[in-house]
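Biologist: Could we go through one helix and the chain contacts around it? Please keep the terms clear as we go.

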Amino acid sequence: MSVITLERKVLEKNDEVAQQNRALFQERGIFVLNLVSSPGSGKTSILERTIEHLAGSVRIGVIEGDVQTDLDAQRIARFNIPVVQLVTNGSCHLDAKLVQDALQHFDLNSIELLIIENVGNLVCPANYDLGEALKVVVVSVTEGDDKPLKYPAMFRNASILIINKIDLLPYVNCSIELLRSNALKINPQLEIFETSCTTNAGIPEWCAWIRRHLKS
Amino acid sequence: MCCYIIAMHELSIAHNVVEIVSKAVKTDELSRVLKIKMKIGAMAGVVPESLDFSFKAITAGTSLANTKLVIEYIPFRIRCEKCGVITEMESGVIECPQCGSSSTQIISGQELLVTEIELEDD
């Protein structure tokens with residue numbers, strides 16, 4: 001019997017392509033966010049409010065990832081900004097190669113902020129680096145305050161937590177303080193925003209944060 | 001329905017494992033691969049049973065049909081930077097259970113590695 005010893009990361013190929021993406025983004029001065037959450041937490045609505053708020057002053061591009069349909073891309077296309085829909089046909093996450101292919105459809109000189117809306121799933125997208133600058137995890141108060149404890153990998157890999165649908169707090173059994181402290185137990189470095197896409201609460205603060213991180 | 005299970009990311013991870021092994025071993029020797037050893041951390045977000053299931057599904061009828069995945073499960077452990085205690089954590093929380101400090105370092109549990117390939121002799 002012979003043995004080949006190797007110490008290879010299973011996702012090394014994805015990581016390689018992600019690094020190529022990252023290098024390209026840096027070269028072009030594009031700030032890239034990977035928006036992750038479970039389905040229905042409000043990623044697309046946050047995107048819409050963000051685009052509304054930054055429209056006219058920030059050149060934004062969007063990559064939409066879904067298992068099926070281009071419904072989200074249609075929602076974003078209304079804002080007359082470049083958008084590419086990736087349909088994964090059953091796969092539960094985006095990977096770096098899908099994003100690399102999608103980039104061919106953008107004029108990279110015409111955008112300074114690229115937001116990638118990942119497939120709604122709090123498990124699998126945590127493993128796949130896309131080349132983004134930061135992961136932004138969205139959790140809505142209707143999902144409960146224990147979400148970070150149940151899906152720790154996603155909260156650990158994210159830099160930003162957006163707690164969405166805060167206008168619904170009076171109607172749901174969710175303690176925002178507990179949600180925050182659970183998230184910080186997983187990742188003490190998380191920067192946290194609280195938003196409502198219905199009342200627009202927190203959107204100006206979130207957009208101000210984006211502005212501060214854009215390359216001049 | 002089983003296709004829901006293999007549509008999870010364990011399927012794409014199984015494909016990556018096959019690719020790594022196919023690069024490390026010559027094509028005409030692939031059928032000699034007895035075992036593929038892996039390390040999977042408790043916090044890697046990968047279910048060993050699903051990965052094994054996916055691996056069997058994609059290697060059926062190929063040179064790797066008789067190859068076994070041997071998965072070493074690595075516990076999630078943190079070291080406290082304040083009190084120095086190393087603790088194996090059951091959840092993903094990284095707060096030191098000894099002193100409550102949140103300045104801790106993850107020392108294991110995030111691995112997702114192919115570590116060894118065992119081949120049958122000629």
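Modeller: The discussion below turns from one helix to the interface. This is a predicted model, in which local features need pLDDT of at least 70, side-chain atom pairs count only at pLDDT 80 or more, and totals for chains, interfaces and linings use all residues. Residues are numbered from 1 along each chain as its sequence is written, chains are lettered from A in the order in which they are written, and side-chain values use heavy atoms, without hydrogens and water.

Biologist: Which residues of α2(B) are buried?

Modeller: B:H9, B:E10, B:I13, B:A14, B:N16, B:V17, B:V18, B:I20 and B:V21 are buried (under 20% relative accessible area, 1.4 Å probe, protein chains only).

Biologist: What do the buried residues of α2(B) pack against?

Modeller: In chain A they pack against β1 (2-9) and α1 (12-28), and in chain B against β1 (33-41), α3 (48-59), β2 (68-74) and β6 (112-119). Helices (H or I, at least four residues) and strands (E, at least two) are DSSP runs, numbered from the N terminus.

Biologist: Turning to the interface, how many residues of chain B are in contact with chain A?

Modeller: 35 residues of chain B are in contact with 28 residues of chain A (heavy atoms within 4.5 Å).

Biologist: Which side chains meet in a salt bridge?

Modeller: Those of B:E19 and A:K13, at 3.3 Å, N to O; the term means a side-chain nitrogen of Lys or Arg within 4 Å of a carboxyl oxygen of Asp or Glu. The count between chain B and chain A is one salt bridge.

Biologist: And which elements of chain B give two or more residues to the side that touches chain A?

Modeller: Those elements are α2, β1 and β6 of chain B.

Key
Buried < 20%, exposed > 50% of the residue type's maximum accessible area, 1.4 Å probe, protein only.
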